[in-house]
Amino acid sequence: MFHSAVDIQPACLGLYCGRTVLSVNGSVETYGDCGVCPRGQRTDDNKICRECMGSPDRYDWLYLGFMAMLPLVLHWFFIEWYSGKKSSSALLQHVTALFECSIAAIVTLLVSDPVGSLHIRSCKVKKLSDWYTMLYNPSPDYITTVHCTHEAVYPLYTIVFIYYAFCLVLMMLLRPLLVKKIACGLGKSDRFKSIYAALYFFPILTVLQAVGGGLLYYAFPYIILVLSLVTLAVYMSASEVESFKDLLVRKKRLVVLFSHWLLHAYGIISISKLDKLEQDLPLLALVPAPALFYLVTAKYTEPSRILSEGGNGH
């Protein structure tokens with residue numbers, strides 16, 4: 001009768017420390033010393049490093065989609081912010097930013113394991129601590145630390161950094177040439193400002209993922225809903241939209257409205273995960289509700305009207 005190496009070797013301390021499988025002879029496995037698992041592996045219940053052979057579930061893909069959308073939305077925001085109202089170059093820059101992020105996403109999937117496929121193998125996320133294995137390195141004698149830091153959520157943590165790197169490279173290759181040719185309506189100092197902005201927000205996004213990746217993984221559906229609601233209210237207020245007629249005056253306002261509706265739907269789908277279609281799909285009917293509520297109540301909350309009624313009251 002064979003005994004597993006776990007029974008005859010000293011206990012493997014630490015939440016994420018494990019023993020690598022050195023060799024397999026029939027039903028008998030030989031294990032190495034307790035330590036860090038190689039990339040692409042994580043410990044099982046017996047503290048043995050096992051290959052990540054699963055696939056991301058629906059929620060994992062929704063999280064990756066959210067992280068992929070962040071640079072695109074920021075690109076669009078700064079392009080719109082710096083392009084000027086009379087510039088005709090904004091639309092082409094928007095399309096270029098979409099092209100850059102789409103190609104970066106495809107290339108990122110192709111270079112991930114298995115290489116050359118749009119599918120990726122992954123380890124299942126079990127709890128928040130899986131994202132922060134560096135905080136759980138054990139110190140058996142309170143002097144020597146056993147370093148067992150590895151990517152327990154492989155590849156959800158590092159794949160985002162790879163994607164941001166490709167986004168940055170593609171932007172630096174394509175956007176300056178495009179902007180130089182088409183942004184004739186802008187001054188020399190203004191035409192590259194959207195690119196300069198990206199050079200600031202990409203490092204910020206990288207730090208955000210490095211420090212708060214696990215928190216974002218669990219909170220991103222609610223972040224999407226809150227931000228989309230706030231930004232929609234701010235935009236409609238700044239654009240002085242008070243009725244459906246005001247929305248129809250400019251096509252740009254409709255585009256912004258539908259974009260926010262898509263974000264609302266994405267947030268609702270991420271929260272519900274569409275596990276039970278008959279219960280979750282009706283929730284999508286709530287997508288237009290915030291905009292409709294704003295349009296119905298906007299005329300009652302106009303500052304000038306409130307001030308005039310207050311003055312008449314006195």
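Student: Which residues does UniProt list for "transmembrane region"?
Tutor: This is a predicted model, where local features need pLDDT of at least 70, side-chain atom pairs count only at pLDDT 80 or more, and totals for chains, interfaces and linings use all residues. Residues are numbered from 1 along each chain as its sequence is written, and side-chain values use heavy atoms, without hydrogens and water. The unreviewed UniProt entry, whose annotations may be inferred rather than shown by experiment, lists residues 61-79, 91-111, 154-174, 195-216, 222-241, 253-269 and 281-298.

Student: How far apart are the end C-alpha atoms of residues 281-298?
Tutor: Residues 253-269 are 100% helix and 0% strand (DSSP runs: H or I, at least four residues; E, at least two). Their end C-alpha atoms are 24 Å apart. Residues 281-298 are 50% helix and 0% strand, with end C-alpha atoms apart by 29 Å.

Student: What kind of aromatic pair do Tyr-63 and Trp-131 form?
Tutor: The structure holds 19 aromatic pairs (ring centres within 6.5 Å; planes under 30 degrees apart are stacked, over 60 edge-to-face, the rest tilted). For Tyr-63 and Trp-131, the centres are 5.6 Å apart and the planes 70° apart. That makes the pair edge-to-face.

Student: How many residues apart in sequence are the parts this pair ties together?
Tutor: Tyr-63 lies in helix 2 (residues 58-83). Trp-131 lies in the loop between helix 3 (90-111) and helix 4 (158-182). The pair therefore ties together parts whose separation in sequence, in residues, is 68.

Student: Is Trp-131 buried or exposed?
Tutor: Tyr-63 has 0% relative accessibility and counts as buried (under 20%; exposed is over 50%, 1.4 Å probe). Trp-131 has 3%, so Trp-131 also counts as buried.

How values were computed: Rings of Phe, Tyr and Trp (its six-membered ring) pair if their centres lie within 6.5 Å; planes under 30 degrees apart count as stacked, over 60 as edge-to-face and the rest as tilted.
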